[in-house]
Amino acid sequence: MASEGSTKAVVTALSANLAIGVSKFVAAAITGSASMLAEGVHSVADSTNQVLLLVGGRRAKRPASALHPFGYARERYVYAFIVAIILFSLGGLYAVYEGYHKIIDPHPLESPLVAVVVLVIAAVLEGYALKTAVGEANRVRGKRSWFRFIVRTRNPELPVILLEDSGALLGLLFALLGVGLTVATGNGVYDGAATLLIGVLLVSVAVVLAVETKSLIIGESAVPEQLTAIEKALLASPGVQRVIHLRTMHLGPEELLLAAKIAVGEQDEGRDIAATIDDAEARVRAAVPTATVIYLEPDIYRPAESA
């Protein structure tokens with residue numbers, strides 16, 4: 001299932017970031033590199049975020065209650081939004097702050113080889129985590145481009161991990177460039193500039209995640225392919241003459257709420273209408289298994305009302 005793949009990607013990323021974070025802080029203490037320190041904070045932010053995603057996934061599985069009759073699946077979206085806030089503040093803004101101060105007060109690095117070794121190892125681990133996330137995403141991405149997948153997917157964890165890991169690899173490249181140029185020139189400004197770039201990168205990733213998860217929290221419809229499949233399934237039911245109105249909204253990544261007004265015959269009796277609704281619901285669930293909550297309202301088609 002998609003949620004199982006998301007969990008695997010999150011756990012892999014968490015394991016990698018915990019190991020990477022410790023090594024970055026040790027290297028930062030030895031070398032005095034601002035970009036290495038910023039990368040260490042970045043790993044802490046990423047690790048915290050991945051724990052939050054796991055917590056959100058677990059809490060989303062709670063059964064529906066009187067207060068929350070449609071369940072708690074949207075908690076995954078809420079926790080993903082918190083992730084964006086943490087990445088923006090703890091990761092991005094801190095790196096911008098640290099980079100600014102390193103630029104106005106630069107100093108050379110000590111034992112830069114330690115920083116280079118740690119950054120290379122971190123890049124290998126981050127690359128493995130990203131490879132895992134890409135593999136899991138490919139199972140549900142289909143033929144969509146990566147941009148369309150991130151924008152259109154209703155699964156919050158995979159885009160978070162994909163963007164975080166991609167940003168982490170790019171951030172490591174910035175850090176390597178900063179350390180390398182600082183060693184080559186003896187000017188610590190390059191280390192500060194790299195730190196500033198890491199901060200801008202993290203802020204940008206956080207903004208993208210915040211925009212996308214906010215949209216999910218508000219409530220997004222089924223994707224166009226699902227809407228087409230739902231309408232075809234409804235019209236395939238013998239008693240349905242047409243679909244007058246169709247509304248959908250994701251209660252969670254694998255839970256879709258569907259409400260539709262369907263036209264039935266003017267002479268149909270109650271028993272026939274009930275049978276039509278039952279048949280239509282079964283066809284919709286077969287066509288789109290994530291349509292877990294379905295409300296169908298029978299009506300007589302009046303062209304003026306559907307305009």
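These legends go with four close-up views of a predicted model.

**View 1. Helix α6 from end to end.** Here we follow α6, which covers residues 157-185 and so counts 29 residues by its DSSP run. From the first C-alpha to the last, the helix reaches 41 Å, close to the 42 Å expected at 1.5 Å a residue. Just past the end of α6 sits G186, with a positive phi of about 75 degrees.

**View 2. T185 and its polar contacts.** Zooming in on T185, we're still in helix α6. How does the side chain of T185 meet the backbone of L181? A polar atom of the T185 side chain lies 2.6 Å from the backbone oxygen of L181. The T185 side chain also reaches the backbone nitrogen of N187, this time at 3.2 Å. Is T185 buried, partly exposed or exposed? It counts as partly exposed, because its relative accessibility is 45%, which falls between the 20% and 50% cut-offs. For a longer-range marker, look to P108: its C-alpha is 9.3 Å from that of T185, although the two residues are 77 apart along the chain.

**View 3. The cavity beside α6 and α7.** How many cavities of 30 Å³ or more does a search of the whole structure find? Just 1 turns up, and the largest cavity has a volume of about 80 Å³. Two elements, α6 and α7 (189-218), give two or more residues each to its lining. The biggest share comes from α7, with 5 residues. Among the lining residues to pick out are I150, T153, N155 and P156, along with P159, V160 and L163. V208, L209, E212, T213 and L216 line the cavity too. What's the lining like by class? There are 8 nonpolar residues, 3 polar ones and 1 charged one. That charged residue is E212, since Glu is classed as charged.

**View 4. T276 in helix α9.** For the last close-up we move to T276, found in α9, the helix of residues 270-287. Is T276 buried or exposed? T276 counts as buried, because its relative accessibility is 9%, under the 20% cut-off. Which residues does T276 touch, once its neighbours within four places in sequence are left aside? The contacts of T276 are S237, G239 and V240. Set beside View 2, the two threonines get different labels: T276 is buried, whereas T185 is partly exposed.

Note on methods: Residues are numbered from 1 along each chain as its sequence is written. This is a predicted model: local features need pLDDT of at least 70, side-chain atom pairs count only at pLDDT 80 or more; totals for chains, interfaces and linings use all residues. Side-chain values use heavy atoms; hydrogens and water are left out. Helices (H or I, at least four residues) and strands (E, at least two) are DSSP runs, numbered from the N terminus. Buried means under 20% relative accessible area, exposed over 50%, partly exposed in between (1.4 Å probe, protein chains only). Contact means heavy atoms within 4.5 Å. The expected span of a helix is 1.5 Å times one less than its number of residues. A polar contact is a pair of N or O atoms within 3.5 Å; within protein, one must be able to donate a hydrogen and the other to accept it, and residues adjacent in sequence count only if both atoms are side-chain atoms. On a 1 Å grid over the protein atoms alone, a cavity is a set of points where a 1.4 Å probe fits but cannot get out, and a pocket is an open set with protein on both sides within 12 Å along at least five of seven lines; lining residues have an atom within 4 Å of a point. Grid points are joined across faces, edges and corners, and a volume is the space filled by probe spheres set on the points.
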